[in-house]
Amino acid sequence: MIVKRIWLPYPPSANAIRTVTRSKPHRIVSTQAARDYKATVSAHCLSEGWRRQGALTGDLLVTVEHYPRDKRRDIPNGGKILFDALSGWAWVDDKQIKSLVEQHVRTERTPYVVVTARRIEDFIGEWTVKMAARSAPRIRGIQACPKCGAHFDELTCAACQFCPA
């Protein structure tokens, strides 16, 4: 299972990533802060040893842990620039994100975010194996038959041939 996890500086506000040009025709362009943040994310990805050819494919489960310094920043405020900056590095395109979990924890340190991405199929497969391992001791352990009360350690009661499952 491939899991991509990276610590990044806190993204700029959604209000600061686009601007309208003054000259006609008016166009919407990325601000210098947005371009700088994308360059910073690219540098972090390269320092982690990520390559653009190694981006995850398929449907993704993404967890974003926000650690802002103050509580004025709401969770989705920096999401778009963060997902756009990680496109091509962690995933091919941000439209692959089918499940998103975001957490918001205040910190006194320098604000940052932690992004974790994995394929949904891998996550479901791992979860299924863990749940089967948890329930296996209950199924295979010594149980009391609900019908006759005899104790048995198989799937079927030997005394009355009752299957409790």
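Here are three short exercises on the sheet and one helix of this structure, each with a worked solution.

The model is predicted, so local features need pLDDT of at least 70 and side-chain atom pairs count only at pLDDT 80 or more, while totals for chains, interfaces and linings use all residues. Residues are numbered from 1 along each chain as its sequence is written, and side-chain values use heavy atoms, leaving out hydrogens and water.

**Exercise 1. Work out the order of the strands in the open sheet, and find its edge strands.**

Step 1. Strands are DSSP runs of E with at least two residues, helices are runs of H or I with at least four, and both are numbered from the N terminus. Two strands pair if DSSP finds at least two bridges between them.

Step 2. Following the pairs gives the order β1-β6-β4-β5, an open sheet of four strands with mixed pairing.

Step 3. β1 (3-9) and β5 (97-104) each pair on one side only, which makes these two the edge strands.

**Exercise 2. Describe how β4 pairs with β5 and with β6, and say how buried β4 is.**

Step 1. Look towards β5: β4 (residues 60-67) pairs with β5 in the parallel sense, over seven bridges. Try finding two of them: L61 has S99 as its bridge partner, and T63 has V101.

Step 2. Now turn to β6, where the pairing with β4 is antiparallel over eight bridges. One of the bridges links L60 to R119.

Step 3. Buried means under 20% relative accessible area, exposed over 50%, and partly exposed in between (1.4 Å probe, protein chains only). Seven of the eight residues of β4 are buried, so β4 is largely enclosed by the rest of the structure.

**Exercise 3. Find the buried residues of α1, and explain why they lie on the same side of the helix.**

Step 1. Locate α1 at residues 32-47: it lies across β1 and β6 (112-119).

Step 2. Pick out the buried residues of α1, which are A34, Y37, V41, S42 and C45. Because they cover an arc of only 140° around the axis (taken from the directions from the helix axis to the C-beta atoms), they lie on the same side of α1.

Step 3. Check what covers these buried residues, counting contact as heavy atoms within 4.5 Å: the list includes β1, β3 (28-30), α2 (79-86) and β6.

Step 4. Finish just past the helix: α1 is followed by G49, which has a positive phi near 85°.

Terms used
Axes are lines fitted to C-alpha atoms, for helices over the stretch in contact, and angles run from 0 to 180 degrees between N-to-C directions.
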